Amino acid sequence: MEATVLYGARDVRFEDVPAPAILDATDAIIRLPFTCICGSDLWPYRGIQPVPGPVPMGHEYCGFVEEVGRSFKSVKPGQFVIGSFFASDNTCPHCRHGYQTSCQQKTPVLGGQAPRMRVPLADGTLVATRDVPQDDLIPSMLALSDVMGTGWFAAEAANVKPGATVAVVGDGAVGLLGVLSATQMGAERIIAMSRHESRQQLAREFGATDIVTERGEEGVARIMELTRGVGADSVLECVGTQEAMQQAVQSTRPGGSVGYVGVPHGVTLDGADLFFRHVRVFGGPAPVRRYLPDLIGLVFNAQINPGRVFDLTLPLAQVAEGYRAMDERRAIKTLLRP
Ligand SMILES: [Zn+2]
C-alpha cells in the first residue's frame, strides 16, 4: 500500500508502506473513501515542530470498517464510522466527564493520509452512522473528525450563548468552522478576522456579520470600535501564536471568555494582565468524540455543511502538492481521494 510519510521540513513522500494490520484486540482497520490534510500538519511540515524520523501522516478520518480485533462490542465490519485524532476508551473518568482527548489511555491516531488505516481503542473511539452517507456528504463527515469538532469546542470553550457578540481570530478551516459553530449556538454578531477574499466569503456564508482585516494592535482596536469600546463576549483563538492569543485576550470584554484551540507554539500568558482584565481562558485538544453523535445528526439533516472548507481536491498520490497549496495559502484545506 502507498501512503503519506513526512521525512522532514517540506519533505512529504507518497511511498510504499506495510498495509495496516490488527495489532491489538481493540484495533479496527478502516478503508478511507476520502482523506485530507490538517492545518496542524503544517507545523511539522514547515519545520516549526521537529520531525523525529519518518512519520506516517494523517489524523482525520472516516470510512468503512473492514476488520476488527477480537474484543469488540459495538463496531462491526461494513459500518461507516468517524473517529477523533486521539483514540480513547470512552470509559475512564476523563472520558465520562466528556474530555476524551485527555483519556487515561489516549493514543494518537496516525496514518490517515492513506487508503486504509488502523484505529486503536476502536470501540471507544469510533462512532458509526445510522446509514451510510451519500458520497456528497462524506467530506462533511470527514470534517467532523477534527476541524469541525475543534471549531465547535472553540465556541463552547469561549462560552458562546444566544445573542452573543463573538470574534474569531484565525481564518483557517478551524476558524471558519468556529464561525459556523457560533452561528449554530445562536450568536448574534460574529466578527471574523481575515485578509483573504475567498476565506472572508466563506466566513460570511457560515454566518459572519463583520470582517476585520487588521491584525495585532490594529485588529484589537477595530474590534473595540465595532463593539463600542466594550470588547466581544466570546473570542475564539484558532491559530496558536503569541500574536493571535494576545489579540484574542485583548479583544474580550471583562467577564468574557477566550476559547483557544490553535496548538500553542511559543505562547506565554501574563498572569497579572489576565487577572486585571477579568478574562476567562479555556482550551485544549477538542474532545471531538463527545460531539460526534450530535454533529453527525446535523450533517445528515443538512443543518451544517462543514465540508465547504475543502477548496482543493487532489488524488492522494499528489499529497505533496496538497501540502504546498496549504502552506502557500492557495488552499484552505485539501481533500484527497485514495
Ligand atoms: Zn478514557
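**View 1. Strand 3 and its two partners.** Two strands count as paired when DSSP finds at least two bridges between them. Strand 3 (residues 28-31) and strand 10 (residues 116-119) meet that mark in this predicted model, with four bridges in the antiparallel sense. Look for A28, which sits opposite V119 of strand 10. Strand 3 is also joined to strand 6 (residues 62-68), again by four bridges and with the strands running antiparallel. Here the pair to pick out is I30 and V65, with V65 belonging to strand 6.

**View 2. The little open sheet with strands 2, 1 and 5.** Three strands, in the order 2-1-5, make up an open sheet with antiparallel pairing. Strand 2 and strand 5 (55-56) are the edge strands with a single partner each, so each has one side with no neighbour in the sheet. Strand 1 and strand 2 are antiparallel and held by six bridges. Two residue pairs help you find your way along them: L6 faces V12 of strand 2, while E2 has D16 of strand 2 as its bridge partner. Between the two strands the hairpin has two residues, and R10 in this hairpin has a positive phi near 55°.

**View 3. Helix 12 and what it packs on.** Which residues of helix 12 (residues 319-327) are buried? They are V319, G322, Y323 and M326. These four span an arc of only 100° around the axis, so they end up on the same side of helix 12. What do they pack against? The list is strand 1 (2-8), strand 2 (11-16), helix 1 (42-45), strand 18 (312-315) and strand 19 (334-337). Just after helix 12 comes R329, another residue with a positive phi, this time near 60°.

**View 4. W43, a tryptophan in helix 1.** Is W43, a residue of helix 1, buried or partly exposed? W43 has 16 C-beta neighbours inside 10 Å, and since a buried residue needs 20 or more, it counts as partly exposed. Skipping the neighbours within four places in sequence, W43 is in contact with I48, Q49, V263 and H265. The H265 contact is a good one to zoom in on: W43 and H265 are 222 residues apart in sequence, yet their C-alpha atoms are 9.1 Å apart in space.

**View 5. Where the two domains meet.** The domain assignment splits the protein chain into domain 1 (2-146 + 287-337) and domain 2 (150-283). Their C-alpha centres are 26 Å apart. Each domain puts 14 residues into the contact. On the domain 1 side, the residues touching domain 2 come out as nine nonpolar, two polar and three charged.

**View 6. The largest nonpolar core, centred on some well-connected valines.** As a bit of background, nonpolar side chains in soluble globular proteins tend to be buried together. The largest nonpolar core here has 104 residues, and the members touching the most others are V166, V168, V169 and V179. Why does this core lie between domain 1 and domain 2? Because both domains give residues to it. Take V179 as a close-up: leaving out anything within four places in sequence, V179 is in contact with V168, I190, A192, A203, F206, G207 and A208. V168 thus turns up twice, as one of the residues touching the most other core members and as a contact of V179.

Terms used. Residues are numbered from 1 along each chain as its sequence is written. This is a predicted model: local features need pLDDT of at least 70, side-chain atom pairs count only at pLDDT 80 or more; totals for chains, interfaces and linings use all residues. A nonpolar core is a set of buried Ala, Val, Leu, Ile, Met, Phe, Trp, Tyr and Cys residues joined through C-beta atoms within 7 Å. A residue is buried if 20 or more other C-beta atoms lie within 10 Å of its own, exposed if 12 or fewer, and partly exposed in between; C-beta atoms are placed from the backbone. Domain bounds come from an automatic or database domain assignment. Two residues are in contact if their C-beta atoms, placed from the backbone, lie within 7 Å. The arc is that of the directions from the helix axis to the C-beta atoms. Ala, Val, Leu, Ile, Met, Phe, Trp, Tyr, Cys and Pro count as nonpolar, Asp, Glu, Lys and Arg as charged, and the others, Gly among them, as polar.
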